[in-house]
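Q: How should one read the strands, helices and buried residues of a model like this one? Please go through a few features in turn.

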Amino acid sequence: MWFAGATHAVAQQVDLNAPDLVLINGKVLTLDERSTVTEAVAVRDGKILATGSSASIKPLAGARTRVFDVSGKTVIPGLIDTHAHFKAAGLADYVVNMSRAKTAAEALEAIKAFAVRKKPGEWIVGGAWHPPSQLAEKRYLTRQEIDSVAPDNPVYLRTVGHFSMANTMALQKAGVDKTAADPSGGSFERDAAGELTGVLVETAIDRVEKAVPPWTEDDEVRQFTIAESVLNSFGITSAVEGATEARDIRTLQKIAASGNATLRTGVMVRPEPPADLSAWEAIMSGNGASSGFGDDWLKFAGIKIFYDGGMTLKTALMRDVYPDSHDDYHGITQQTPERLKQLVSICNRYDWRVGVHVVGDLGIDQVLDAFEAANKEKSIQDRRFVLIHASLIRPEQMERAHRLGVRIDFQNVFMWDKAATVERFLGRATADRAVPTRTLIAKMGLDNLGAGTDFPVNPINPFLNMYIMVTRKDPNGNVYGASEAVSREQALRLYTSAASHYTFEEARKGTIEPGKLADLVVVSADYMAVPEAQIKDIKADLTLVGGKVVFQR
């Protein structure tokens, strides 16, 4: 039970210097430079006023100060997810939940049940899921299968951003038939007879994506508002939105301007690169804004560019040929190395920091080439360009990135339910070296790194992610890359003090120190002391953003 109420009732007048809120009797992990552990925190005007012992903080309370006695519970800085597509957390009423399907039959049943609620001709859209690792059949659904459960509706099923599925009616709405030419960097998958299977690969996704009607403005506001509250329930107070469209930026701005935002958001703007580089330059020059424009609630974090694919999709660009490959296959990219250099160069020219989705080691080589070329034209040192994911980065690449001042923002939680698939496609040695967290810290320094989830590709739960960083275990208890495990404090810092560097806000948040934003989380168990197996089960009991309670269990 919380004790939250007015204290010091004897005070006859409101003390204008009194804190708005104090937390007392806690185990406060400040994560300052000395890793100080204290007992209490005072908050005023959305910022941390003071920290210290309960005996020193409690007397600061005035007549209207809210006092939370947390009864020995652990208090940590607000958690920062450095890579999420968090709008998905607010889509439960709008899309088919495919995440629970374990077989193709269950996936089809979920579509069928959702279709009952739709009128003929209305679009059905699926939420994110991962058929190759999720379904017993280890494959995607075909358009014919989807037609069998939703013959009267166009159906479009997103996955993790590299493959999608569409039924016959959806393909027709998009103007795609078996005569359609494959776009550069993608394909419309066909069977042995040359018929479309409905599976869309990489850039072919855009053709159908553009045919799906957009949500209304009110729908979008509701979706993001719900999503922010869902993240708050996990103790997340800030997030980097990993690939943001202009429409979503407008919605987030509307929520922030209304005073209803409960999540601080850095957006990685994701314009689709036009074929004409002069058009790309026009986008970058835009209205004069660049990375960092914004405020504590919403700011431009950079430009997001996709380069290669992923480990479980067999599309990450690898130095070594894929096992069992019969055609010298190394993976795929969405553009040539030369075009990537041009795209990055133009972004840099207009002061946009660039984050590139890249997974495979050969892909990382080529992205670093592009960053080095841009650096020669105009320094990117101290600009914190980003390798997003970089799951298979090698030690010499870490050193190369560090010399350029480049960040790596990775997602250990990807390996939670996908490590076995990575092992199947790329071999055990590669699965063991995936997301090499301990080596990254040793080679690059903690503050040049951050942890995120890539939600909804992976679970949003930060404590599950920290558990994996500390144990390197999958759900079956199998350990992948034991030598890459990190300490509990390092895992927590990757979500707080280190993560704040992504948006150049290390002086504003990420630790519990006077003057910083009062983003705090009271958690259900002692993160530093519970048995390792229980780290993943820790929950947020109370989440404060700017000193306001945004979640209370």
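The dialogue below takes up a sheet, a covered strand, a helix pair and a loop residue.

A: Keep in mind throughout that this is a predicted model.

Q: What is the strand order of the open sheet of 6 strands, and which are its edge strands?
A: Strands of a sheet pair through backbone hydrogen bonds, either parallel or antiparallel. Here the order in the open sheet is 3-2-7-21-22-23, and the pairing is mixed. Strand 3 (37-38) and strand 23 (548-552) are the edge strands, each of them pairing on one side only.

Q: How many bridges join strand 7 to strand 21, and in which sense do they run?
A: Strand 7 (residues 74-77) runs antiparallel to strand 21, and 3 bridges join the two. One residue pair to look up is V75 with its bridge partner V522 in strand 21.

Q: How are the two faces of strand 11 to be read: buried or exposed?
A: In a regular strand the side chains alternate between the two faces of the sheet. In strand 11 (residues 163-166), F163 and M165 lie on one side and S164 and A166 on the other, and all of these residues are buried. Both faces of strand 11 are therefore covered, as the buried residues on each side show.

Q: Which residues stand opposite M165 and S164 in the neighbouring strands?
A: M165 has L157 opposite it; strand 10 (residues 155-158) pairs with strand 11 in the antiparallel sense over 3 bridges. S164 stands opposite L200 of strand 13. Strand 13 (residues 196-202) is likewise antiparallel to strand 11, joined to it by 3 bridges.

Q: At what angle do helix 10 and helix 11 pack, and how far apart are their axes?
A: The axes of helix 10 (residues 337-349) and helix 11 (residues 361-377) are 9 Å apart, at an angle of about 40°. That angle makes helix 10 oblique to helix 11. Their crossing is right-handed.

Q: Which residues make the contact, and how do they divide by type?
A: Helix 10 contributes P337, L340, K341, V344, S345 and N348. From helix 11 come Q366, V367, D369, A370, F371, A373, A374 and E377. The residues of this contact divide into 8 nonpolar, 3 polar and 3 charged.

Q: Where is H501, and why does it count as buried?
A: H501 sits in the loop between helix 17 (488-494) and strand 21 (520-523). H501 counts as buried because its relative accessibility is 14%, and the cut-off for buried is under 20%.

Q: Which residues is H501 in contact with?
A: Neighbours within four places in sequence are left aside; H501 is then in contact with R384, R407, D447 and E506.

Key: Residues are numbered from 1 along each chain as its sequence is written. This is a predicted model: local features need pLDDT of at least 70, side-chain atom pairs count only at pLDDT 80 or more; totals for chains, interfaces and linings use all residues. Side-chain values use heavy atoms; hydrogens and water are left out. Axes are lines fitted to C-alpha atoms, for helices over the stretch in contact, and angles run from 0 to 180 degrees between N-to-C directions. Helices (H or I, at least four residues) and strands (E, at least two) are DSSP runs, numbered from the N terminus. Angles under 35 degrees count as roughly parallel, over 145 as roughly antiparallel, 65 to 115 as roughly perpendicular and the rest as oblique. A crossing is left-handed if the near helix is turned anticlockwise from the far one by less than a right angle, and right-handed if clockwise. Contact means heavy atoms within 4.5 Å. Ala, Val, Leu, Ile, Met, Phe, Trp, Tyr, Cys and Pro count as nonpolar, Asp, Glu, Lys and Arg as charged, and the others, Gly among them, as polar. Buried means under 20% relative accessible area, exposed over 50%, partly exposed in between (1.4 Å probe, protein chains only). Two strands pair if DSSP finds at least two bridges between them.
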